Amino acid sequence: MTILQIRTVPDPILRRKSRKVREVNDAIRELAQNMVATMLEAGGVGLAAPQVGELKRLIVLKLPEEEDARILVNPEITRRDGEREVEEGCLSVPGFLGTIMRSERVKARAVNEWGAKLRLTADQLFAQALEHEVDHLDGILYMDHLKSHEDLVDLSKLEESEHRHAFEVEVEDEGLMKSRGEKRVLTAGDMQDGVAEVKAEKIVGASETDLEKL
Ligand SMILES: [Zn+2]
């Protein structure tokens, strides 16, 4: 298996539309296995073929709670229900995180690496990842769904963020947060007498932090 190079913005291939896979053959299976290895190496939840420079409608996904990766050829979302706000990131846009709306539930169809037809019903992270990866096949990046540029956070500039937000929150006990698998993302904060006065804080659930890597 080969670890492939993950293309990052502004590589123009990320903006192109991928072509349908006409035949699920050994070459596709090999590409899919290499994509799975690349995704796992990068600690990602999903990866689409254009992210490794192949304009083919092929995605791989591995949800944190699942043992095996899924290989989906020619995936199509056939139904979207509900809306929810999510934190999202992308292996092709390293160092950024954005808040966007995704569907609560999606139905999709695809074929697997052996050409068998699949019908999928997904919610939560699975639905989000499916929408994110299928978007890649159409040259769409999650930033295209941002309502404003303020919804995109440059993780390297958190401390010097110009966009300080007005609200203040009390910081929960960090040990408790860790025990729940949560992580604190600060955009600006001060520590006074052991009490943090935090401006613009986001509490990100563990499964959602994995979305830095879709
Ligand atoms: Zn992505």
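## Starting from Thr 38

Two residues are in contact here if their C-beta atoms, placed from the backbone, lie within 7 Å. With that in hand, take Thr 38 in this predicted model. Setting aside residues up to four places away in sequence, Thr 38 touches Ile 3, Leu 4, Ile 6, Leu 47 and Val 52. One of these partners is worth a second look: Ile 3 sits 35 residues from Thr 38 in sequence, yet their C-alpha atoms are 4.8 Å apart.

Thr 38 belongs to helix α1, which covers residues 26–41. Is Thr 38 buried or exposed? The cut-off for buried is 20 or more other C-beta atoms within 10 Å. Thr 38 has 21 of them, so it counts as buried.

## The whole chain

Zooming out, the protein has 214 residues, and 32% of them are buried. Its secondary structure comes to 4 helices and 11 strands. If you take the contacts with a separation of 6 or more, 66% of them join residues 24 or more positions apart.

## The five-stranded sheet

Strands of a sheet pair through backbone hydrogen bonds, and they can do this in a parallel or an antiparallel way. In this model, 5 strands make an open, antiparallel sheet, ordered β1-β2-β3-β6-β7. At its edges are β1 (46–48) and β7 (117–123), each of which pairs on one side only. From one strand to the next, the twist averages 40°.

Helix α1, the home of Thr 38, packs on this sheet and touches β1, β2 and β3. The direction of α1 makes about 40° with that of β2. As for β2 itself (residues 58–61), it pairs with β3 (residues 70–81) in the antiparallel sense, over 4 bridges. Within that pairing, Leu 58 stands opposite Val 73 of β3.

## The nonpolar core and α2

The largest nonpolar core holds 38 residues, and the members that touch the most others are Ala 32, Met 35, Ile 59, Val 60 and Leu 130. Two or more residues each come from α1, β1, β2, β3, β6 (105–111) and α2 (124–137). Which element gives the largest share of this core? That would be α2, with 7 residues. Ile 59 makes a handy probe of the surroundings: beyond its neighbours within four places in sequence, Ile 59 is in contact with Gly 46, Leu 47, Ala 48, Leu 72, Pro 75, Glu 133 and Val 134.

Helix α2 is mostly covered, with 12 of its 14 residues buried. The buried set includes Leu 125, Phe 126, Leu 130 and Val 134, but also Gln 128, Glu 131, His 132, Glu 133 and His 136. A quick geometry check: at 1.5 Å a residue, the 14 residues of α2 should span 20 Å, and the end C-alpha atoms are 21 Å apart, so the two agree. After α2 comes Gly 139, with a positive phi near 75°.

## The three-stranded sheet

There is also an open sheet of 3 strands, in the order β4-β5-β8 and with antiparallel pairing. Its edges are β4 (84–88) and β8 (152–154); each has a single partner strand, so one side of each is left without a neighbour in the sheet. The twist here averages 15° from one strand to the next.

β4 and β5 (residues 96–102) pair in the antiparallel sense over 5 bridges. Along that pairing, Glu 85 stands opposite Met 101 of β5.

Definitions and conventions: Residues are numbered from 1 along each chain as its sequence is written. This is a predicted model: local features need pLDDT of at least 70, side-chain atom pairs count only at pLDDT 80 or more; totals for chains, interfaces and linings use all residues. Two strands pair if DSSP finds at least two bridges between them. Axes are lines fitted to C-alpha atoms, for helices over the stretch in contact, and angles run from 0 to 180 degrees between N-to-C directions. A nonpolar core is a set of buried Ala, Val, Leu, Ile, Met, Phe, Trp, Tyr and Cys residues joined through C-beta atoms within 7 Å. The expected span of a helix is 1.5 Å times one less than its number of residues.
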